[in-house]
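Thank you all for coming; I would like to take a few minutes to walk through a structure that may be new to you. Please have a look at the sequence and the model on the screen before I begin.

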Amino acid sequence: MSAVPAAFQATAVNLRAGSSGFVRSRVRTLGDRSVVEIDARGATDERSGALAPADGRSMAAAARLARTQRLPLLMRLASSGADLNEGVDALHGWATAATELARCSGVVPVVVVAAGPNVSGPALLLGLADFVVMTADAYAFVVGPRMVEHFTGMPVDRADLGGAETHAVRSGVASFVASTDAEADETAAELLSYLPDSNAVDPPGRACTDPVDRPVPEAFDVLPAESGGSYDVRDVLAAVADDGVLLEPHPFWGANLVTALASFGGRPVGIVANQPQSLAGTLDITGSRKGARFVAFCDAFNLPLVTFVDTSGFYPGKDLEWRGMIRYGAQMAFAYARATVPRVNVTLRKSYGGAYIVMDSKTMGNDLALAWPTAEIAVMGAKGAVGILHRSATDAERAVLETAYEQRLLNPYIAAERGAIDSVIEPADTRREVCAALEMLVSKRERLPRRRHDNSPL
């Protein structure tokens, strides 16, 4: 095992120190905060680190303590699965741990560092975490390469089936990938610095010397001259956030939507933004799932949401429709509609159709909707609209009609007249306006109607 970084070196209170098995847990300080830490790294390969019943009970006890004491839960996990020598009791052990992790969901932040093999049942524990940091040499899968080849006839190695790169790009299991154990611990520490101890308190304030009224003309300079041109929205986000600092989970999964933690005036927030560099910023299944889960997380832990919009709609395709684009697209709408935290929306450029709705539009319940003068808010772009409304027009006639449509409807002032936009702002004032909005909304308190639980369109 790698040495624990200096940030974690502090007086610790050990939990179940005399229990059998390899899992050890403790309450220790991280900076000036207490966390419950579970060290469940028993595996160096698939033939070691099997979870015995006592290991499952130790993980469950630590998770239960984190929930009852309202402390963040940090788990370092490497397990080859349930111990075959223990029979069904071993299955009960990790199931008990899974139950307690599920009960932590939405109550305390749960971060897992996958620091080795995670095979079979224990691999599912990664799916119960809020964020997963995988080391470069770690891998995780429910069914291993040998069984995959047996059932499918297709050989596959461990890295391709469930390596860190696979989970960072294809499955979305890995929120972050770290080169070393020490880097993984540093990432976990940075992540927790944005988060509250529990859902009962606000996120901790962050030191900030960056003026809240700092002009950000560079945010607008990023946009290309052509309305259909590509750019990296992270340049806009870095321009307006405190000190240009963003912590971006899932940077390679669902790359058409950026989710990030940042701060404005020292106040931690969650950012959601369309990424024109990928799929032209349109929403697909993966992007919708990524955005919905992040919005739900931020709402659970009192992180205000700032949404930056530049999208021409949902990505078209038969395959996407067959795979459930309707349900997954609805997840975005569902997550925003039930969010009660402060919500600020900034439309940078395009905002069309159904994607306009689900990207936290005014009718979804945002608290303040801002727009740059470059914003185009409509059912669709001029070319598509004219193609539907004037199918028999000549090319010359269509060009005139498209120009007229753009002048009449594709600007933010029409939306402002109808109440869909609260204010059209100069791009250079974006940081100041967002900081002012978050300050105004600091005392926002909203409660949803009482019910046992909702039924999210999973």
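**The cavity, the chain and a few residues**

Let me begin inside the protein, where the largest cavity has a volume of about 50 Å³. I should say at once that this is a predicted model, and that the structure holds one cavity of 30 Å³ or more. Such spaces come to light in a simple way, since rolling a probe the size of a water molecule over the atoms shows where empty space is left.

Which residues are found closest to the centre of that largest cavity? Of the 13 residues that line the cavity, the closest to its centre are Asn345, Thr347, Tyr356, Asp360 and Ser361. If we sort the lining by residue type, six are nonpolar, five are polar and two are charged. The element that gives the most to this lining is strand E14, which covers residues 343–352 and supplies three residues.

While we are at strand E14, please also find Tyr352, which lies in that strand. Tyr352 counts as buried, because its relative accessibility is 6% and the limit for buried is under 20%. Tyr352 also has a partner further along the chain, for Tyr352 and Glu376 are 24 residues apart in sequence, while their C-alpha atoms are 7.6 Å apart in space.

Let me now step back to the chain as a whole. The secondary structure comes to 17 helices and 17 strands, and of the 458 residues of the chain, 52% count as buried. If we take the contacts between residues at least 6 apart in sequence, 72% of them join residues at least 24 apart.

From that overview I turn to a pair of helices. Two packed helices are described by the angle between their axes and the distance between the axes. Here helix H1, residues 53–69, packs with helix H2, residues 88–104, at an angle of about 10°, and the axes are 7 Å apart. That angle makes H1 roughly parallel to H2, because angles under 35 degrees count as roughly parallel. On the side of H1, the residues that meet H2 include Gly56, Met59, Ala60 and Ala63, and on the side of H2, the residues that meet H1 include Gly93, Trp94, Ala97 and Leu101. Sorted by type, the residues of this contact of H1 with H2 divide into nine nonpolar, three polar and six charged.

Next, I would ask you to look at the loop between helix H9, residues 233–240, and strand E11, residues 257–264, where Asp243 lies. Phi of Asp243 is near 55°, which is a positive value in a residue other than glycine. His250 has its place in the loop between H9 and E11 as well, and His250, although not a glycine, has a positive phi of about 55°. Are these two residues buried or exposed, or somewhere in between? Asp243 counts as partly exposed, at 48% relative accessibility, whereas His250 is buried, with a relative accessible area of 12%.

The last residue I want to show is Thr286, which lies in helix H10, residues 285–300. Thr286 has a relative accessible area of 19% and is therefore buried, given that buried means under 20%. Leaving aside residues up to four places away in sequence, Thr286 touches Trp253 and Gly254.

Technical notes
Residues are numbered from 1 along each chain as its sequence is written. This is a predicted model: local features need pLDDT of at least 70, side-chain atom pairs count only at pLDDT 80 or more; totals for chains, interfaces and linings use all residues. Side-chain values use heavy atoms; hydrogens and water are left out. Axes are lines fitted to C-alpha atoms, for helices over the stretch in contact, and angles run from 0 to 180 degrees between N-to-C directions. Helices (H or I, at least four residues) and strands (E, at least two) are DSSP runs, numbered from the N terminus. Angles under 35 degrees count as roughly parallel, over 145 as roughly antiparallel, 65 to 115 as roughly perpendicular and the rest as oblique. Contact means heavy atoms within 4.5 Å. Ala, Val, Leu, Ile, Met, Phe, Trp, Tyr, Cys and Pro count as nonpolar, Asp, Glu, Lys and Arg as charged, and the others, Gly among them, as polar. On a 1 Å grid over the protein atoms alone, a cavity is a set of points where a 1.4 Å probe fits but cannot get out, and a pocket is an open set with protein on both sides within 12 Å along at least five of seven lines; lining residues have an atom within 4 Å of a point. Grid points are joined across faces, edges and corners, and a volume is the space filled by probe spheres set on the points. Buried means under 20% relative accessible area, exposed over 50%, partly exposed in between (1.4 Å probe, protein chains only).
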